[in-house]
Amino acid sequence: MANIAENIQKIKSELPDDVTLVAVSKTKPNEDLMQAYDAGQRVFGENKAREMEQKHEELPKDIEWHFIGHLQRNKVKYIAPFVKLVHSLDSLRLAKEINKRAKNEDRVIDCLVQLHISGEETKFGFDYDEAVEFLRSEPLKELQNIRIVGAMGMALHTDDESVLKKQFGELKSFFDKMKKEYDHFKVLSMGMTNDYEVAVEEGSNMVRLGSSIFGPRNYG
């Protein structure tokens, strides 16, 4: 049994003050989330829209919900009323759907543009040139109910720190470049349980940690 409160306090004590901790609570029961909540954690990340919708209904209303997985367009409606940040904006079609659903809810939904930084074929996201083109595109500028507030990327799952530094460093350079063009560009979400220390060193200001808080994932 992981001591969730202790894990959170330890991680927060080691993170710089300007780095936001997203507790990745996917597949975890509400009791686990409440342990984290009681320890002061308010930002939680989920990767399934229906699971997030259900947890939002059942758990305290001051929780800030982040959607961190690949978001299918037909699932946006379930999270549009309450989601605080979508980490995984990876196409104009998805942007249009989020905008439409946000407009229906009379709100603006913040999103991070997802970059494909690991080189793995299976991963979602833009490459750097595509992302720049997307951010500068006229169709995106027409969407009034979506706000791009930064970037997200997942590095290769590796223990090779030089590879991680290179991939995170490139994403930080992209982020810095785009920050000069866009007032809202403030969030750089990179770093998970196995690599977040390197990500923070390279300039991340938001990390997504699951197993280091809640213990090993349960796929049952």
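# Exercises on a predicted model

In this predicted model, the count of salt bridges comes to 14. The exercises below start with some of these pairs and then turn to single residues, a helix and a strand.

## Exercise 1: a pair in helix 3

Find the partner of Glu51 in a salt bridge, and describe where the two residues lie.

Solution.
- Step 1. Glu51 forms a salt bridge with Lys55, and the closest N and O atoms are 2.8 Å apart.
- Step 2. Both residues belong to helix 3, residues 49–58. Glu51 and Lys55 are four residues apart, which is about one turn of the helix.
- Step 3. An α-helix has 3.6 residues a turn, so residues three or four places apart point the same way.
- Step 4. Lys55 has a relative accessible area of 5%. The cut-off for buried is under 20%, so Lys55 is buried.
- Step 5. The pair belongs to a network of salt bridges that links Glu46, Glu51 and Lys55.

## Exercise 2: two pairs in helix 8

Describe the salt bridge of Lys166 with Glu170 and that of Asp176 with Lys172, and state how exposed each residue is.

Solution.
- Step 1. Lys166 and Glu170 meet through their side chains in a salt bridge, at 2.9 Å from N to O.
- Step 2. These two residues are four residues apart in helix 8, residues 161–181, so about one helical turn separates Lys166 and Glu170.
- Step 3. Lys166 is exposed, at 53% relative accessibility, whereas Glu170 is partly exposed, at 33%.
- Step 4. Asp176 forms a salt bridge with Lys172, with 2.9 Å between the closest N and O atoms.
- Step 5. Asp176 and Lys172 are also four residues apart in helix 8, with about one helical turn between them.
- Step 6. Asp176 is partly exposed, with a relative accessible area of 25%, and Lys172 is partly exposed at 21%.

## Exercise 3: a charged residue without a salt bridge

Locate Asp195, and state which side chain of opposite charge is nearest.

Solution.
- Step 1. Asp195 lies in the loop between strand 7 (187–190) and helix 9 (196–201).
- Step 2. Asp195 is buried, yet has no salt bridge.
- Step 3. The nearest side chain of opposite charge is that of Arg208, 6.8 Å away. A salt bridge requires N and O within 4 Å, so Arg208 does not form one with Asp195.
- Step 4. Apart from neighbours within four places in sequence, Asp195 is in contact with Ala155, Leu164 and Phe168.

## Exercise 4: helix 5 and what follows

Give the length of helix 5, list its buried residues, and name the elements that help to cover them.

Solution.
- Step 1. Helix 5 runs over residues 92–104 and has 13 residues. From first C-alpha to last, helix 5 reaches 18 Å, close to the 18 Å expected at 1.5 Å a residue.
- Step 2. The buried residues of helix 5 are Leu94, Ala95, Glu97, Ile98, Asn99 and Ala102.
- Step 3. Their cover includes helix 4 (76–79), helix 6 (128–136) and helix 7 (138–141). Strand 4 (85–89), strand 5 (109–115) and strand 6 (146–153) are also included in this cover.
- Step 4. Asp106, which follows helix 5, has a positive phi near 55 degrees.

## Exercise 5: positive phi outside glycine

Compare the settings of Asp106 and Thr27, two residues with positive phi.

Solution.
- Step 1. Asp106 is not a glycine, and its phi is about 55 degrees. This residue is in the loop between helix 5 and strand 5.
- Step 2. Asp106 is exposed, with a relative accessible area of 69%.
- Step 3. Thr27 has a positive phi near 70 degrees and is likewise a residue other than glycine. The loop that holds Thr27 lies between strand 1 (20–24) and helix 2 (30–38).
- Step 4. Thr27 is partly exposed, at 33% relative accessibility.

## Exercise 6: strand 1 and its partners

How many residues of strand 1 are buried, and in which sense does strand 1 pair with strand 8 and with strand 2?

Solution.
- Step 1. Four of the five residues of strand 1 are buried, so the strand is mostly covered.
- Step 2. Strand 1 pairs with strand 8 (residues 206–209) in the parallel sense over four bridges. Here Thr20 stands opposite Met206.
- Step 3. Strand 1 also pairs with strand 2 (residues 43–46) in the parallel sense, over two bridges. Val24 stands opposite Gly45 of strand 2.
- Step 4. Together, strand 1, helix 2 and strand 2 make a right-handed β-α-β unit.

Conventions:
Residues numbered from 1 in each chain as written. Predicted model: local features only at pLDDT ≥ 70, side-chain atom pairs only at ≥ 80, totals over all residues. Heavy atoms only, no water. Expected span 1.5 Å × (residues − 1). Buried < 20%, exposed > 50% of the residue type's maximum accessible area, 1.4 Å probe, protein only. Contact = heavy atoms within 4.5 Å. Lys, Arg positive; Asp, Glu negative; His and termini not counted. Pairing = 2+ DSSP bridges. Right-handed = clockwise from strand over helix to strand, strands pointing away.
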